[in-house]
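Reader: I'm a first-year student and I've never read a protein structure on my own. Could you walk me through one, feature by feature?

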Amino acid sequence: MLKEGSTRGFRAYTAKHLDDLLERAGLPEEERLRIRAVATVLPFRTNAYVVDQLIDWSAVPEDPIYRLVFPQADMLPEADVTRLAGLLRSGAPNAQIQAIATEIRMRLNPHPAGQLELNVPKVGTEPLPGTQHKYPETVLFFPKQGQTCHAYCTYCFRWAQFIGEPDLKFASDDVEGLIGYLKEHPEVTSVLFTGGDPMIMGEPVLRRYLEPLLEIEQIESIRIGTKSLAYWPQRFVSDPDAGDTLRLFSSVVEAGKNLAFMAHFSHPREMEPPVVEAAVAGILGTGAIIRTQAPLIRSINDESGIWASMWRRQLTLGMVPYYMFVERDTGPQDYFAVPLARAYGIFRDAYASVSGLCRTVRGPSMSATPGKVCVDGVTEIAGQKVFVLHLIQARDPELVGRPFFARYDPEAVWLTDLRPAFADRFPFEPEAVVQALPA
């Protein structure tokens, strides 16, 4: 893993630093206490680069980058926050506080889209830890040393990876097990390394995971899901192993594999520092492709102009706009979610205001249990107002690309809030399930 020492200039801040950082924002003591209460439930981690170069402290608490990485006092139900704040105020034992925090976490759907039950592959009858296989051609792998990040997003749908609960965490260092599984499943052509953030790993560890894949002929693409370009671009410019990392990327491309760097940018400000441009140029110089994605998040990027600006800047730097996601049904979803109708409007207006070269982007897309469900529009058919949707990706490949319709609901924020239009069920639902649903 990367070292957090003076040789890198990287300094991490965790919950133990939270109150001091909040004082910098000039927040009153009671509000700081309530924010600390939220941080007992949801993980907090940031670093000096984010704090000193990305946050406009004169605009806190409205500043979008501040809201992106710092817990907010009203992110959880008021009764829960008040209860935890009271325990913190009274100096209650940590074990008591953690017991309440765990109880609250279990109400927050820590593993959405059935990933604990539906996505875990098996070798014989034994599950393969730290691995997910949701779509036939793609396997996700969670390298053990990459299950943290340079900083945590407050809306992260993988927050359960970071709270110290072993039963909720995906992680593995079993490279041989992964290789063996891939060889037994020739339909798999793409491997996605995810986390956490794989780019928290140093080059020698990253190499141990990547190099064995280069010998597997069926593997066409290797993807790395990362927020490092936004939260620590120095990883590719000035870190001691930056050059070795870029050379490793080059070796992947030279081996005939498509290396896709799945970069997560939530706001245009994350691309303003000059070091980001240098990092992007370094990665692209290896022959890798950088595709960009992020969820639509209330109070952080829920304006069409923000997305249009992001896509234009990404295109200028040589990146490929790829996905606008819908905030997943986990964690503080109620706090961050944007209704699907409004999400579609934001996407449409942003999409309409950029050139065709930016229109590689897809969305708004929900990574739901049946697959990636895209909201294509709102229209009226036979006198009924409906959402038009399709599956970009699906557990059942036969459903990919097939349009379907849902009754228009201005308050719906997720697939499970919708009801079918012109049919008894959605294409991915078995009849037995639908018969139990209310009309």
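## Strands and their partners

Author: Let's begin with strand 11 and strand 12 (residues 362-368), which pair in the parallel sense over 2 bridges. Keep in mind that we're looking at a predicted model.

Reader: Okay, so which residue of strand 12 is the bridge partner of Phe325?

Author: That's Ser365. Strand 11 also has strand 10 (residues 289-296) as a parallel partner, and there the pairing covers 6 bridges. Across that pairing, Leu296 sits opposite Val326 of strand 11. To get from strand 10 to strand 11, the chain passes through helix 12 (residues 304-317), making a right-handed β-α-β crossover.

Reader: And is strand 11 mostly covered or mostly open?

Author: Mostly covered: of the 7 residues in strand 11 (residues 320-326), 6 are buried. Here's a general idea to keep in your pocket: side chains in a regular strand take turns between the two faces of the sheet.

Reader: What about strands that don't run parallel? In which sense do strand 5 and strand 6 run?

Author: Antiparallel, and 3 bridges join strand 5 to strand 6 (residues 138-141). Together, strand 5 and strand 6 make a hairpin, with 2 residues between them. To find one matched pair, look at Thr131, whose bridge partner in strand 6 is Phe141.

Reader: Why is strand 5 called largely enclosed by the rest of the structure?

Author: Just count: 5 of the 5 residues of strand 5 (residues 131-135) are buried, so the rest of the structure largely encloses this strand.

## Buried or exposed

Reader: How do I decide whether a single residue, say Asn47, is buried or exposed?

Author: You look at its relative accessible area; under 20% means buried, and over 50% means exposed. Asn47 has 0% relative accessibility, so it counts as buried. You'll find Asn47 in strand 2 (residues 45-47).

Reader: What does the side chain of Asn47 reach?

Author: Two backbone atoms to look for: the nitrogen of Val50 at 3.1 Å, and the oxygen of Tyr231 at 3.2 Å. If you skip its neighbours within four places in sequence, Asn47 is in contact with several residues, including Phe10, Tyr13, His150 and Trp232.

Reader: Show me one for contrast. Is Ser58 buried or exposed?

Author: Exposed, because its relative accessible area is 69%. Ser58 lies in the loop between helix 3 (48-54) and helix 4. The side chain of Ser58 does have a polar contact, at 2.6 Å, with the side chain of Asp56. You can also try a distance: from Ser58 to Gly9 there are 49 residues in sequence and 25 Å in space, C-alpha to C-alpha.

Reader: And how about a whole helix? Which residues of helix 2 are buried?

Author: In helix 2 (residues 29-39), the buried ones are Arg32, Leu33, Arg34, Ile35, Ala37, Val38 and Ala39. Among the elements that cover them are helix 1 (18-24), helix 4 (64-69) and helix 5 (78-89).

## Salt bridges

Reader: How many salt bridges does a search of the whole structure find?

Author: It finds 15. Let's begin with a pair inside a helix. In general, an α-helix has 3.6 residues a turn, so residues three or four places apart point the same way. Here, Asp244 and Arg247 are 3 residues apart in helix 10 (residues 242-254), so about one helical turn separates them. They form a salt bridge whose closest N and O atoms are 2.7 Å apart. Asp244 is partly exposed at 32%, while Arg247 is exposed at 53%.

Reader: Which parts of the chain does the salt bridge of Asp80 with Arg107 link?

Author: First the distance: the closest N and O atoms of Asp80 and Arg107 are 2.9 Å apart. This pair links distant parts of the chain, with Asp80 in helix 5 and Arg107, 27 residues away, in the loop between helix 6 (94-105) and strand 3 (122-123). Asp80 is buried at 9%, and Arg107 is partly exposed at 47%.

Reader: One last example, please!

Author: Try Arg348 and Asp349, whose side chains meet in a salt bridge at 3.3 Å, N to O. Salt bridges can also share partners, and that joins Asp80, Arg83, Glu103 and Arg107 into one network.

Note on methods:
Residues numbered from 1 in each chain as written. Predicted model: local features only at pLDDT ≥ 70, side-chain atom pairs only at ≥ 80, totals over all residues. Heavy atoms only, no water. Buried < 20%, exposed > 50% of the residue type's maximum accessible area, 1.4 Å probe, protein only. Helix = DSSP H or I, 4+ residues; strand = E, 2+ residues; numbered from the N terminus. Pairing = 2+ DSSP bridges. Right-handed = clockwise from strand over helix to strand, strands pointing away. Polar contact = N/O pair within 3.5 Å; in protein donor to acceptor, adjacent residues only side chain to side chain. Contact = heavy atoms within 4.5 Å. Salt bridge = Lys/Arg side-chain N within 4 Å of Asp/Glu carboxyl O.
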